[in-house]
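Dear colleague,

I am passing on the structure we spoke about, with the sequence alongside. Below it you will find my notes, arranged by region so that you can follow them with the model open.

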Amino acid sequence: MQLYDKDLLSVQEVRELVEKAKTAQQELSEKSQKEVDAIVKSMASAGVRNAQRLAKMAHDETGFGIEADKVIKNVFASNGVYEHIKDMKTIGELGRDEEKKVCHIAVPVGVVAGLVPSTNPTSTVLYKALIAVKAGDAIVFSPHPNARNCILEAVKMIRQSIAEAGGNEDLVGCITLPTMQATDHLMHHPDISLILATGGSAMVRAAYSSGTPAIGVGPGNGPAYIEKTADLPLAVKRIMESKTFDNGTICASEQSVICNEDMAQAVQTEMERQGACFLSDEQRKKLGSFILRANGTMNPAIVGKSAQTIADLAGIDIPAGTKVLVAKEDGIGRGHPYSNEKLAPILAFYTAGSYKEVCELCCDILHYEGAGHTFSMHTKDQNMVDYFAKRIPASRIVVNTSSTLGGIGASTNLAPALTLGCGAIGGSSTSDNVGPLNLLNIKHVAEGIKELDDIKADLPDCSEGVCKPQHFSDINMDVIVSEIIKRLQNA
């Protein structure tokens, strides 16, 4: 029977892709670490070679971001990730402790479903394919419909690089007819072992509620604190470069700038000197009503667009050459649109009286949206870093660097990744920058070292009805009690 219905065709395609991926993964499971690494190296090399071409395709198709920055992201997702994982042991025996008689063996999860957003389409494909194959898995991608062509081209390039290295190209597959039904069927397919979800909150929630184990990420809404000891011009430079990188499409980018009240004018002056435009009250209200939709979600029209384009869409006049739009905010939550995540060169600006009040404000922002994601601060005071690190509900706290590049591990020594876990506080199954070790199971082989008689011999003395640990047996409790009474009396 010939199928003509798009939804049915897409579901049938998913079944075929998963079946082929399962066969390819079973073949991969027979290969050595050296053979797997050769395939991974070929994939990474191809990603670098095609970085510019794929960046142009992604920019032309989606209209998001900046082409030159997408080249950087593609190189990062290929070579940056590869350099971090190339020597990682992921196949077979991972380690053995002869003294404790325990051995640890890597077991691939199998076939992974990879959800790909339109904001970082080709770089996400390159990154997820690398870490999946490095872990011994196959991966089937569900592309965002608005980035279908560039994603398919990235997958085509990856498949060719796998074949060139002697692997089965079906290790990486992609739905060519993206529909909601296809994505849903992929996530529920019995041969899908894990979902690696990067995308909107609704899609991530669907992944977690599918019944299939999932690694998903929550929204980013990271505050950036400029503390009084910071090098102000350098701090502002890092924030401006970070927020304008690919027009703010990376979820680790700064969403608000916070400083102490007595620094507010100096920070504003420096930000304006470096290309920020602080909006008037009228402009702030006009843009604020545009950046969120009626249901409180981000208006897709602003995503990845330049400051000038956004200003034109919202009908406000800004100085030529403006890089970032800044709105002074005095609240958090509904009615305060700048307190939300904005995947665009738009920043909220907050002030507080003391560093403790700043910390409370940052916590409130993250608890409203972005819990568990990323927080950045600029300071020369290590005590300040320690204070905030203990209290801020974020999995990544990056210091004196771009939040965008620091969070993904490009300008820091965090694991290079484009899927950033938010931990339990953010509704995620991990707080890691997701890598190959998140995509495999570890089998533990342990040899017996005790008999039951040995375990019984270690039991505490329970003859008097209260069990006394053996290490207390040689201690005269009467002496200890009398000493305590004596000290209390003297006190």
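To begin with one pair of residues, Leu-115 stands opposite Ser-142 in β4. Please keep in mind throughout that this is a predicted model. The strands concerned are β3, residues 111–116, and β4, which run parallel and are joined by 6 bridges.

Strand β4, which spans residues 138–143, is mostly covered, 6 of its 6 residues being buried. Both of its faces are covered, with Ala-138, Val-140 and Ser-142 buried on one side, and Ile-139, Phe-141 and Pro-143 buried on the other.

Phe-141 of this strand leads on to the interior. The largest nonpolar core has 76 residues, and those that touch the most other members are Phe-141, Ile-158, Val-172 and Ile-195. If one leaves aside the neighbours within four places in sequence, the contacts of Phe-141 are Gly-114, Val-116, Val-125, Lys-128, Ala-129, Val-155, Val-172, Gly-173, Cys-174 and Ile-175. Apart from the largest core lies another, made up of 37 residues, which include Tyr-225, Ile-291, Ala-307 and Leu-366. As a general point, nonpolar side chains tend to be buried together in soluble globular proteins.

Tyr-225 also turns up in the surroundings of His-378. His-378 is found in strand β13, residues 372–378, and it counts as buried because its relative accessibility is 0%, where the cut-off is under 20%. Leaving aside neighbours within four places in sequence, His-378 is in contact with Tyr-225, Ile-226, Glu-227, Ala-230, Ala-235, Arg-238, Ile-239, Asn-400 and Thr-401.

Turning to a sheet, 3 strands form an open arrangement in the order β1-β2-β15, with antiparallel pairing. Since β1 (93–97) and β15 (440–446) stand at the edges and have a single partner strand each, one side of each is left without a neighbour in the sheet. On average, and with direction ignored, neighbouring strands of this sheet are turned by 20° against each other. Strand β2, residues 102–108, pairs with β15 in the antiparallel sense over 7 bridges, and within that pairing Ala-106 has Ile-442 of β15 as its bridge partner.

Two residues other than glycine deserve a look for their backbone angles. Lys-101, which is placed in the loop between β1 and β2, has a positive phi, near 60°; its relative accessibility is 37%, so Lys-101 counts as partly exposed. Asn-247 has a positive phi as well, near 55°, and lies in the loop between α9 (232–244) and β9 (254–260). Is Asn-247 buried or exposed? With a relative accessible area of 9%, Asn-247 is buried.

Finally, there is a helix pair to examine. The axes of helix α2, residues 33–49, and helix α4, residues 67–85, come within 8 Å and cross at roughly 155°. Angles over 145 degrees count as roughly antiparallel, and α2 and α4 are therefore roughly antiparallel to each other. Their crossing is left-handed. The residues that make the contact are Val-40, Lys-41, Ala-44, Gly-47 and Val-48 on the side of α2, and Ser-78, Asn-79, Tyr-82 and Ile-85 on the side of α4.

With best regards

Key. Residues numbered from 1 in each chain as written. Predicted model: local features only at pLDDT ≥ 70, side-chain atom pairs only at ≥ 80, totals over all residues. Heavy atoms only, no water. Core = buried A, V, L, I, M, F, W, Y, C linked by side-chain atoms within 4.5 Å. Buried < 20%, exposed > 50% of the residue type's maximum accessible area, 1.4 Å probe, protein only. Contact = heavy atoms within 4.5 Å. Pairing = 2+ DSSP bridges. Helix = DSSP H or I, 4+ residues; strand = E, 2+ residues; numbered from the N terminus. Axes fitted to C-alpha atoms, helices over the stretch in contact; angles between N-to-C directions. Parallel < 35°, antiparallel > 145°, perpendicular 65-115°, else oblique. Left-handed = near helix turned anticlockwise from the far one by under 90°.
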